[in-house]
Amino acid sequence: MEQTTNQLQVQFQKRVDEEQKIEPRDWMPEKYRQTLIRQISQHAHSEIIGMLPEGNWITRAPSLRRKAILLAKVQDEAGHGLYLYSAAETLGISRDEMYEQLHSGKAKYSSIFNYPTLSWADMGAIGWLVDGAAILNQIPLCRTSFGPYARAMVRVCKEESFHQRQGFECLLQLSKGSEVQRQMCQDAINRWWWPSLMMFGPKDDESPNSKLSMQWKIKRFTNDELRQKFVDMIAEQIKVLGMVLPDPDLKWNEQTKHYDYGEINWEEFKQVIQGNGPCNKERLEARKKAWADGAWVRDAATAYAAKKDIQKAKANSLNKETQQS
């Protein structure tokens, strides 16, 4: 039995190395399955939780155009969550179980969504920085080894690209406005810059899951590689805004051809991950309340489905009796 398992593992790795997609009914190591469940469900939770800080500003958008854009963006995030929950379900976990893990605190979601949105400029900063970081994380996932996840990410990435562009355009307008608007723009960048860098996860030498995820091609780049790409991208784009990043150590390194940047506050990152961020409790309570408030809808849908099953069974029975007579 052990030899058979070893042979299966060798065959599995060979398929991954040859860039063949792993599908739900294919044999896979249990660790691979569990790693995917953890990552995909965490990704789905992040999309759903991520609706909350932006939804907070829908009724306070400064114009009808901005409200329509923000509504579309929040709606997109809901769709992303549904795609990803569906992808995770193909691995043998139910959606109810994933919800329970989120509500109990067992499952995590992106640390970035545990920070408050204090001004309208935060909508731009989230679009530009948060969604910009998400895109760098997610584009390689279009080539991840697990088929359902890779296919879901194709549409997600197209929509996230729109989200980043509208965020930058929002900040660009503020940067061309009054002195108060420019200050609002800079303040939002100051508050969201460091949490955005934390979105890529812990440093490579402190990331417990990266080695296997890279071997199985769930991930294509390490946390630090993606973080560096993000810094290099944003350090150039911010020049268009006429703003500055809140990092005195940020400077171009001619030798490495990359931007050097300051030390991230990893203690803050750990505290937020452990549930001690500014909005952790608020975010989870909002999700629990939404789940409780929606119980009647789930009950009604279940009752309706049961009723239709009974009607179908009766119709089949009647047809059978008619044919026999």
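These are my notes on a cavity and a domain contact in a predicted model.

**Ground rules.** I count residues from 1 along each chain as its sequence is written, and side-chain values rest on heavy atoms, with hydrogens and water left out. Since the model is predicted, local features need pLDDT of at least 70 and side-chain atom pairs count only at pLDDT 80 or more, while totals for chains, interfaces and linings use all residues.

**Cavity.** I looked for cavities (on a 1 Å grid over the protein atoms alone, sets of points where a 1.4 Å probe fits but cannot get out). I found 1 of 30 Å³ or more. Its volume, the space filled by probe spheres set on points joined across faces, edges and corners, is about 60 Å³. Lining residues have an atom within 4 Å of a point; among them are Glu54, Arg66, Trp120 and Cys170. I then checked the elements (DSSP runs; helices are H or I, at least four residues). Those giving two or more residues are α4 (64–89), α6 (121–138) and α7 (147–175), and α4 gives the largest share, 4 residues.

**Domains.** An automatic or database assignment splits the chain into domain 1 (1–277) and domain 2 (279–324). Their C-alpha centres are 33 Å apart. The contact (heavy atoms within 4.5 Å) takes 17 residues from domain 1 and 8 from domain 2.

**Buried area.** I looked up the accessible area (1.4 Å probe) lost on putting the two together, summed over both: about 1200 Å², 62% of it on carbon and sulfur atoms. On the domain 1 side, Leu52, His103 and Asn114 lose the most, together 41% of what that side buries.

Technical notes. 1 Å grid on protein atoms, 1.4 Å probe; cavity = no way out; pocket = protein on both sides within 12 Å on 5 of 7 lines; lining within 4 Å.
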